[in-house]
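Q: I would like a close look at a single part of this protein. Please treat that part in detail and then place it in the context of the whole chain.

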Amino acid sequence: MPPPLTETASWGRRIVALCVDWFASTLVVVVVLGPSGWSENPRSGAYTLIVFALESSVLTALAGGSFGKLATRLRVVRNDGSGRPVDLLRSLLRQVLVCLVIPPLVFRPDGRGLHDLVAGSVTVTIRPSS
């Protein structure tokens with residue numbers, strides 16, 4: 001397999017992006033269910049997880065990153081050196097593995113987690129154009 005396009009993104013930025021995505025997904029569920037519905041519905045956490053997975057998958061395939069990743073200047077690209085975003089199926093597979101929690105915690109020295117290895121992707125920092 002070819003080396004990653006560039007150096008992988010820092011864990012700090014990835015965690016901030018994850019928090020932004022989770023907060024945005026929670027807000028979507030609160031808006032749909034209403035504040036009292038969100039706090040009283042035992043499935044609101046599952047709804048948030050589903051919104052998170054769908055938002056992250058679709059935006060990663062279309063724009064190269066989820067709302068949180070793009071806000072923190074990160075991008076998920078193919079690990080083939082092309083710099084192109086992953087397709088929708090690989091993006092969905094990647095997000096399902098992220099939702100399982102353990103795959104991102106099992107990672108290689110280059111910073112790519114099991115979810116990136118399976119999906120053939122790498123998370124990189126968007127560099128400002130000069």
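In which helix does isoleucine 102 lie?

A: In this predicted model, isoleucine 102 lies in helix H6. That helix covers residues 102-105. The relative accessible area of isoleucine 102 is 54%; because the cut-off for an exposed residue is over 50%, isoleucine 102 counts as exposed.

Isoleucine 102 also belongs to a nonpolar surface patch of about 600 Å². The other residues that make this patch are Leu93, Val101, Leu105, Val106, Leu114 and Val118. Two helices each supply at least two residues of the nonpolar patch: helix H6, and helix H7, which runs over residues 114-119.

The setting of this patch is a protein chain with seven helices and two strands. Read from the N terminus, the order of the elements is α-α-α-α-β-α-α-α-β. The radius of gyration of the protein chain is 15 Å, close to the 14 Å that the globule rule gives for 130 residues, so the chain is as compact as a globular protein of that length. Its C-alpha trace spans about 50 × 35 × 25 Å along the principal axes.

As for the interior, buried residues account for 38% of the 130 residues in the protein chain. Of the contacts between residues at least 6 apart in sequence, 63% join residues at least 24 apart. On the outside, the protein chain exposes about 7,400 Å², and carbon and sulfur atoms supply 70% of that area.

Conventions: Residues are numbered from 1 along each chain as its sequence is written. This is a predicted model: local features need pLDDT of at least 70, side-chain atom pairs count only at pLDDT 80 or more; totals for chains, interfaces and linings use all residues. Side-chain values use heavy atoms; hydrogens and water are left out. Patches are made of residues with over 30% relative accessible area and no salt bridge: like charges are joined within 9 Å, nonpolar side chains (Val, Leu, Ile, Met, Phe, Trp, Tyr) within 5 Å. Accessible areas come from the Shrake-Rupley method with a 1.4 Å probe; for residues, only the protein chains shown count as cover. A salt bridge is a side-chain nitrogen of Lys or Arg within 4 Å of a carboxyl oxygen of Asp or Glu. Helices (H or I, at least four residues) and strands (E, at least two) are DSSP runs, numbered from the N terminus. Buried means under 20% relative accessible area, exposed over 50%, partly exposed in between (1.4 Å probe, protein chains only). The radius of gyration is taken over C-alpha atoms; the globule rule is 2.2 Å times the number of residues to the power 0.38. Contact means heavy atoms within 4.5 Å.
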